[in-house]
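Hi everyone, thanks for having me. Today I'd like to walk you through some charged side chains, so please have the model open as we go.

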Amino acid sequence: MPRKRNEESGRATIRDVARLAGVSPATVSFVLNDNKDVRISPNTRQSVQRAAMELRYGAYQSSRGQRWIGLMVPTIMNHYYPALIEYTQKAAAEAGCQVLLYNTRRSEENEELFLSRLQGLDGVLYGFTPGSAARVGALAQRMPVVMLGEKAEDMPISTVSLNSHHAGALIASHLLSLGHRRIAFVTTPLDQQSLSRRKRFLGLTDALRASGVQELVIREAKSETESADEAFDMEIGRKLTLELLDAHPDVTAIVGVCDMVALGVLGALQLRGRRVPHEVSVCGFDNILLSGMMAPGLTTIDHHNLYRTRQAVDLLLEQMNRRDGHVLSIEYDPTLIVRGSTGPAALGGQ
């Protein structure tokens, strides 16, 4: 349905933008003027920017010569994604592009809604595995699409990914070298669309079995719901670890599926008075900023996100220029970052 504009001039007004975004004209002004003295939620800011772009209002109406990239992320509560957003904006700015953020809040309905409202964009960068191969395939027919992460084989889009299976194997090898045999894995749902979780898990289990460790204790969340009140991943890590310690008090190492889950693991161990790493070692994946600022620091996997996002933006720009539909897959090798949260297995735990 066409968007309403000022009928006399044919150009959008601030009230048109406010109506489309569902906010007041004052809020539109605060967002578009980047007023630092007024706190605007990321979701509201995103809605206003998207409405302004759709209506070609203000700076957006004179941006026909400037390229716009849509960046799709599943959440901004997990600290991995704000860093990804920052790196993407930096790489895009260096290439003369602007970035419009779409936060799905872990909802396929929101993802589908955003995909239906991408007018004015020159390309889309996915920061997670798309929920539907058919939808993203249809999008790729309209504009260039690149994904930062793993994809299903039937998705016709280019990717810049990490070898997540090898990442899991690196964690396993590190813990085995320290004498750990009673190891647990705490994770958000493995049956959701995120392929990286499953590949990390398979890499971990394959390496453990190859070394003779047949049993890995698993604690898995059954659902995944975004909340503005708490960091979902961290809360899952805390809750599942408390349950784990009740059922398996003899584990000597716990692996979180991501750093945010691992931070929840650390919180639960502190609540129970279990010393890290003297009694229990903890590992994560992602190497977010907080992981290196904790005491002890978190042993984790680095994704080389600064370089991967730059590569993804360059690849998207190349596709925007060529428009030939060529699909390319680039895979980075992970790096193990060893910090103070891992140490030799406690006596009796080997």
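Arg197 counts as buried, at 10% relative accessibility; buried means under 20% relative accessible area, exposed over 50%, and partly exposed in between, with a 1.4 Å probe and protein chains only. This is a predicted model, where local features need pLDDT of at least 70, side-chain atom pairs count only at pLDDT 80 or more, and totals for chains, interfaces and linings use all residues. Residues are numbered from 1 along each chain as its sequence is written, and side-chain values use heavy atoms, leaving out hydrogens and water.

So which residue does Arg197 meet in a salt bridge? The partner is Glu224, at 2.5 Å, N to O. A salt bridge here is a side-chain nitrogen of Lys or Arg within 4 Å of a carboxyl oxygen of Asp or Glu. Arg197 sits in helix 8 (residues 195-210) and Glu224 in the loop between strand 7 (217-220) and helix 9 (232-247), so this pair ties together parts 27 residues apart in sequence. Helices (H or I, at least four residues) and strands (E, at least two) are DSSP runs, numbered from the N terminus. Glu224 is buried too, with a relative accessible area of 18%.

Helix 8 also holds Arg200, and Asp286 lies in the loop between strand 9 (281-283) and strand 10 (300-302), so their pair ties together parts 86 residues apart in sequence. Their side chains meet in a salt bridge at 3.1 Å, N to O, and both residues are buried. Salt bridges with shared partners also join Arg106, Arg197, Glu224 and Asp233 into one network.

By this rule, the count is 15 salt bridges.
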